[in-house]
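Please open the structure in the viewer and keep the sequence panel at hand. The tour proceeds by selections, each followed by a note on what is found there.

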Amino acid sequence: MAEHEQKPSMTAETAEQQPASASSSAAKTSRPLRSPAFYMLFGILTGALLCLIILVALEVLAYPAMPEPYAPPPTPPPPSEQALENSRLVPARVYFEAQRESCQLVALGLTEDGAIQTSDTTNKAAWYKYGASPGDPGNAILSGHDRWRGMTGAFDVVKQLQIGDQVTIEFTDGSFRFFTVISNNTYGLDSFPLDITQIEGPSRLTLITCYGDYESTIETSLSRVVVVCEELRRQRLTGYTRLPAE
């Protein structure tokens, strides 16, 4: 009889456990199931990501930070004309001793198209101010007109110069330098040597003037007379050089 009375308590206990077991089974069946292939793919992607991170880290460690790109120093501005004049002798006048002629010199530069300027008057010639000063290392270039607007120019005398003739340069400070002609050549515009106007090289004085037929389409003569002089080792003054300036 006592045994029979205990069965309900065991049944109640069992009844209490059954709902818990049922709920656990329901929870397990509610989670989505993933196939082994999913976990395999997930593992492969994770491993690849880790490898990529490691490779990037090794690359960064292997190469130090790159320095900033090299920037050259800024180009200094060209010296002013006043500074150029103060740093060297400035020619003021040229004398052609054998022909007993002379003319004033003015300092000029380049035209808009890059040609060496010359004076726009008949009684003056131009000294190329970005070249050498006469007697200094390099090429000192003087240019003038043979004819200008139907009139005889200051450099009409240049084509008459002969080898050995003396050319004298007077400077703004009253000093002189003396040169002798070593060559006199005439070139067509299409055969004009480019090295004639190069300012580098040994010390020399170069005189340039137009010559020949005038071509109106290009507004210049078709030839150039080029006289090259070298400085005299023994300087000498002539009576003509000492004449008052015109």
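The stops below concern salt bridges, one aspartate and its surroundings, and a surface patch.

The model is a predicted one. How many salt bridges does the structure hold? There are three, and the tour visits each of them.

**First selection: Arg177 and Asp136**

Select arginine 177 together with aspartate 136. The two residues form a salt bridge whose closest N and O atoms are 3.0 Å apart. Arginine 177 belongs to strand S8, residues 176-188, whereas aspartate 136 sits in the loop between strand S3 (124-128) and strand S4 (139-144); the pair therefore ties together parts that are 41 residues apart in sequence. Aspartate 136 counts as partly exposed, because its relative accessibility is 24% and the range for that class lies between 20% and 50%.

**Second selection: Lys159 and Asp146**

Next, select lysine 159 and aspartate 146. A salt bridge joins them, with 2.7 Å between the closest N and O atoms. Lysine 159 lies in the loop between strand S6 (151-152) and strand S7 (166-171), and aspartate 146 in the loop between S4 and strand S5 (147-148), so this pair ties together parts that are 13 residues apart in sequence.

Are these two partners buried or partly exposed? Lysine 159 is partly exposed, at a relative accessible area of 32%. Aspartate 146, by contrast, is buried, at 11%, since the cut-off for buried is under 20%.

**Third selection: add Asp156**

Keep lysine 159 selected and add aspartate 156. These residues form a salt bridge as well, the closest N and O atoms being 2.5 Å apart. With all three residues displayed, a network of salt bridges can be traced that links Asp146, Asp156 and Lys159.

**Fourth selection: the surroundings of Asp146**

Centre the view on aspartate 146, in the loop between S4 and S5. Its side chain makes a polar contact of 2.7 Å with the side chain of lysine 159. Which residues are in contact with aspartate 146, leaving aside its neighbours within four places in sequence? They are Met151, Thr152, Gly153, Phe155, Asp156, Lys159, Thr209 and Cys210.

**Final selection: a nonpolar patch**

Finally, select Leu49, Leu50, Leu52 and Ile53 and show the molecular surface. These residues form a nonpolar patch on the surface, and together they have about 400 Å² of accessible area. To place the patch in the fold, note that isoleucine 53 is found in helix H2, residues 36-62.

How values were computed. Residues numbered from 1 in each chain as written. Predicted model: local features only at pLDDT ≥ 70, side-chain atom pairs only at ≥ 80, totals over all residues. Heavy atoms only, no water. Salt bridge = Lys/Arg side-chain N within 4 Å of Asp/Glu carboxyl O. Helix = DSSP H or I, 4+ residues; strand = E, 2+ residues; numbered from the N terminus. Buried < 20%, exposed > 50% of the residue type's maximum accessible area, 1.4 Å probe, protein only. Polar contact = N/O pair within 3.5 Å; in protein donor to acceptor, adjacent residues only side chain to side chain. Contact = heavy atoms within 4.5 Å. Patch = residues over 30% accessible without salt bridge, like charges linked within 9 Å, V, L, I, M, F, W, Y side chains within 5 Å. Areas by Shrake-Rupley, 256 points an atom, 1.4 Å probe, with all protein chains shown as cover.
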